[in-house]
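Here's a walk through one protein model, starting from a single residue and working outwards. Have the viewer open as you read.

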Amino acid sequence: MPDIEIVEVSPRDGFQSISAFIPTADKIAHIRALHAAGLRRIEATAFVSPSAVPQMADAHEVLATIRADLPNLDAQVLVPTARQTERALDAGAAHLVFVLSVSERHNWGNVRRSPQESAQEYAGVLALAGAQTKMRLNVATAFDCPYDGLIDRHQVFALLDLMIPMAPAVEVALCDTTGRATPLHVRTLFTEAMARYPASVRWAFHGHDTYGLGAANILAAWDAGVRIFDASVAGLGGCPFAPGATGNVATEDAVWMFEGMGIKTGINLAALIETGQRTEATPGAQTGGRVRRALMARKASDRRIDA
Ligand code: MG
């Protein structure tokens, strides 16, 4: 039994930033490889407007196939609206991720409505989902917004005060969307949130490594008591607001850090690195992370010594 839960987000958060359509069979093979490396919870796809995000147009087929093939995989899917929730449930979704932003401008840019309107939408999503569907709430720009900069914690709490009472047993991910959060900010926000809301809430952290603080921020969240972390193999995923910068925290970096501290992740690092190497070869992939490159360099130098 792992000590923490790593949620692999590359099939959604990573692939959606690649413009050339990735064949559905390749997406499914990627999810199978991640599952074979030990990942048991994967954000498999998003049910969003296919005209807005053509990469996710095959959401139904991806989800239906992996639900049938990998019965012990907890496959979560992102939904921004009640309408898309109906599509996700039709495809057999058992775990939904509702996303909204604390920042007014960021939420308008993402889903064309105010955060308060998204909170109302969430009530509709909960009604459709019912008690049998697992629910995660992704709170984007919980620390920092690409347009407005630093986000005041009272803005985060104003939204959560509205939403948590609708479903107090929810999992809430506070997301550092820009990667500009610092470890102290991460630890403080989680500590205050945990003190403010009922113990039934499960907390998760979604970080980005754009400024090199991805692992440090994960550790700060862990220090505060968070045990669920989002990560993406090979750090797959761009950051549209920082061209050329790396995106999500690399899963292998998180695994390396936790396993090195004696905290079990349940993930086979060697298998994960192999998947990361294949992921890097995906046309248009923007990758990052440190551990994979370090281990590959070490492997190459070992080969030279052997020869
Ligand atoms: Mg992300």
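## Around Glu-8

Not counting residues up to four places away in sequence, Glu-8 touches Leu-34, Leu-39, Arg-41, Ile-42, Glu-43, Ala-231, Ser-232, Val-233 and Thr-251, where contact means heavy atoms within 4.5 Å. Before going further, note that this is a predicted model, in which local features need pLDDT of at least 70 and side-chain atom pairs count only at pLDDT 80 or more, while totals for chains, interfaces and linings use all residues. Residues are numbered from 1 along each chain as its sequence is written, and side-chain values use heavy atoms, with hydrogens and water left out.

Glu-8 lies in strand β1 (residues 5-8); helices (H or I, at least four residues) and strands (E, at least two) are DSSP runs, numbered from the N terminus. Buried or exposed, then, for Glu-8? Glu-8 counts as buried because its relative accessibility is 0%. The cut-offs here are under 20% relative accessible area for buried, over 50% for exposed, and partly exposed in between, with a 1.4 Å probe and protein chains only.

## The magnesium site

Which residues are the protein donors of the magnesium ion? They are Asp-13 (OD), His-206 (NE2), His-208 (NE2) and Asn-248 (OD1), lying 2.0 to 2.3 Å from the ion. Donors are N, O and S atoms within 2.8 Å of the metal (3.2 Å for Na, K and Ca), and since water is not among the atoms, sites may look incomplete. Written along the sequence, the spacing of the donor residues is D-x192-H-x1-H-x39-N. Asp-13 sits in helix α1 (residues 10-14) and His-208 in the loop between β9 (202-206) and α9 (214-224), so this pair ties together parts that are 195 residues apart in sequence. Both Asp-13 and His-208 are buried.

## Two helices that pack

Next up is a helix pair. Two packed helices are described by the angle between their axes and the distance between the axes. For helix α7 (residues 153-163) and helix α8 (residues 183-196), the axes come within 11 Å and cross at roughly 35°. Those axes are lines fitted to C-alpha atoms, for helices over the stretch in contact, and angles run from 0 to 180 degrees between N-to-C directions.

On the α7 side the contact is made by Arg-153, Phe-157 and Asp-161, and on the α8 side by Leu-189, Glu-192, Ala-193 and Arg-196. Sorted by class, that gives three nonpolar, no polar and four charged residues. The classes are Ala, Val, Leu, Ile, Met, Phe, Trp, Tyr, Cys and Pro as nonpolar, Asp, Glu, Lys and Arg as charged, and the others, Gly among them, as polar.

## Positive phi in two loops

Most residues other than glycine have a negative phi, and most peptide bonds are trans. Thr-141 goes the other way, with a positive phi of about 50°. Thr-141 is found in the loop between β5 (134-140) and β6 (144-145), and counts as buried at 0% relative accessibility. Ala-234 also has a positive phi, near 65°. Its place is the loop between β10 (228-231) and α10 (251-260), where Ala-234 is buried with a relative accessible area of 0%.

## A few more spots

Here are some other residues, with their relative accessibility.

| Residue | Relative accessibility | Class |
|---|---|---|
| Thr-24 | 14% | buried |
| Ala-37 | 2% | buried |
| Val-201 | 5% | buried |
| Ala-297 | 45% | partly exposed |

Thr-24 lies in helix α2 (residues 24-36). Leaving aside neighbours within four places in sequence, Thr-24 is in contact with Asp-58, Glu-61 and Val-62. Ala-37 is in the loop between α2 and β2 (41-46); with the same neighbours set aside, the contacts of Ala-37 are Gly-266, Ile-267, Asn-268, Ala-271 and Leu-272. Val-201 belongs to the loop between α8 and β9, and beyond four places in sequence Val-201 is in contact with Ile-164, Pro-168, Val-170 and Val-172. Ala-297 is found in helix α12 (residues 291-306).

Finally, the cysteines. How many disulfides does the structure hold? Zero, taking a disulfide as a pair of cysteine sulfur atoms within 2.5 Å. Cys-145 is buried at 0% relative accessibility, and Cys-175 is buried at 4%.
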